[in-house]
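Colleague: Please pick one strand of this model and take me through it slowly, neighbours and all. I'd like the cut-offs as you go.

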Amino acid sequence: MGIIEKIKEIEEEMARTQKNKATEYHLGLLKAKLARYRAQLLEPAAKSGGAGTGFDVQKSGDARVALIGFPSVGKSTLLSKATHTASEAAAYEFTTLTAIPGVIEYKGARIQLLDLPGIVEGASQGRGRGRQVVSTAKTADLILIMLDATKSEEQKRLLELELDAVGIRLNKSKPDVVFKRKTTGGITFNTTVKLTKTDEKTIRTILAGYKLHNCDIMIREDITTDEFIDVLIGTRKYMPCLYVYNKIDSISLEQVDKLAHRPKTVVISCEMDLNLDYLIDRIWDELSLVKIYTKKRGAQPDLSDPICLRKGATIEGKSSKFSPYAQKVSLSHQVQDEDVVSIFTK
Ligand SMILES: Nc1nc2c(ncn2[C@@H]2O[C@H](COP(=O)(O)OP(=O)(O)OP(=O)(O)O)[C@@H](O)[C@H]2O)c(=O)[nH]1
Ligand SMILES: [K+]
Ligand SMILES: [Mg+2]
């Protein structure tokens, strides 16, 4: 039996199994198995350079943003509007067959926007170029999930499922769990919070399923069983994402208003040039980019040539002192947007 059949079999068994206290551990085991097969489905191909590897596009600029969506939602139209690169757009599906990079220039930053082929349901299991698309998406700093505002809400859930199946976790942070493998000593299990969505027995069952008999576990957050499996598998990618609804020219104002109020959501019309500037502004925010200017001692800062950094970046150096405009700060100063710095040695 191939991996895809095995996955199917487990999914069917999970669907058949009623969810209750008595089946909880068995379901946990099935989940763990499923996660392992899915990982297998992706990893070998990724190593041998097969369908699991992404498109070969050089990273450039200060950050990379990937466009993910079903066919004909308007990904290529957006690339052509937001960058100086033209990507063919047409009314038929799968117009785009490879990754096409463009550059958004904004507030002194160069943001690489990647147009990608449309993905289909089942992409995570190797249908279409889906695996190549999602592998490429994993290399981005931000994912734009592009949706057709005229289509049903189901499209969003289906896309999320595809990304979830390949280990991409959207707008979530890594579960706060310390997991350490050991060679002897059995399992030590500790929590700093009350677990309401999973329990020690389920976790121990899963560990046994993975043949993990020696490890230290410290759980510091009220995690689910799935989140624990994520920690065990260890290769999950936690990525920020914006939901972009395109073609709002074709829906009612009431509908536009409803979509626009959702969290992490931007509504646009590529064709009518609606809200595209706002989208770019939101991309900038999501990427947490800040720009800093450098200046020589005693000279005016060069405002035409900022350096872009991710928020949270600190400035370090061995024998240099760091000083923004008026105030002197330590080497570990976290840069703020529009900081002006001069770095000099004693
Ligand atoms: N009404 C409307 N149509 C749009 C809009 N943006 C794009 N389209 C149309 O949607 C169709 C598909 O656009 P593409 O840019 O090729 O879509 P895509 O997502 O790149 O499609 P694939 O590469 O095939 O996956 C084209 O006919 C566009 O003219 C929009 O804002 N409103
Ligand atoms: K298209
Ligand atoms: Mg396209």
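Modeller: Here's a close look at strand β4, from its sheet down to one of its residues.

First, the fine print. This is a predicted model, so local features are given where pLDDT is at least 70 and side-chain atom pairs count only at pLDDT 80 or more, while totals for chains, interfaces and linings use all residues. Residues are numbered from 1 along each chain as its sequence is written, with chains lettered from A and ligands numbered from 1 in the order in which they are written.

For the overall picture, the protein has nine helices and 15 strands; those are DSSP runs numbered from the N terminus, H or I with at least four residues for helices, E with at least two for strands. Of its 346 residues, 33% are buried, where buried needs 20 or more other C-beta atoms within 10 Å of a residue's own, exposed means 12 or fewer, partly exposed is in between, and C-beta atoms are placed from the backbone. Take the contacts in the protein between residues at least 6 apart in sequence: 64% of them join residues at least 24 apart. A contact here means C-beta atoms, placed from the backbone, within 7 Å.

Now the sheet. Six strands make up an open sheet with mixed pairing, and the order is β2-β3-β1-β4-β10-β11. At its edges are β2 (100-106) and β11 (265-267), each pairing on one side only. From one strand to the next, the twist averages 25°. Pairing asks for at least two DSSP bridges between two strands.

β4 itself covers residues 142-148, and because six of its seven residues are buried, the strand is largely enclosed by the rest of the structure. On one side in the order comes β1 (residues 63-68), which pairs with β4 in the parallel sense over four bridges. One register point there: I68 has I145 of β4 as its bridge partner. On the other side is β10 (residues 241-246), which runs parallel to β4 and is joined to it by six bridges. Across that pairing, M146 is bridged to V244 in β10, and I143 stands opposite C241.

Two helices deal with this strand as well. Helix α5 (residues 154-165) lies across β1, β4 and β10, running at about 145° to β4. Helix α9 (residues 276-286) packs on the sheet too, touching β1, β2, β3 (109-115), β4, β10 and β11, and its direction makes about 170° with that of β10. For angles, axes are lines fitted to C-alpha atoms (for helices, over the stretch in contact), and values run from 0 to 180 degrees between N-to-C directions.

Let's zoom in on one residue. L144 is found in β4 and counts as buried because 25 other C-beta atoms lie within 10 Å. Leave out residues up to four places away in sequence, and L144 touches V65, A66, L67 and I68, along with L242 and V244. Those first four fall within the range of β1, and L242 and V244 within that of β10. There's a nice long-range pair here as well: C241 is 97 residues from L144 in sequence, yet their C-alpha atoms are 5.7 Å apart in space.

Key:
Contact = placed C-beta atoms within 7 Å.
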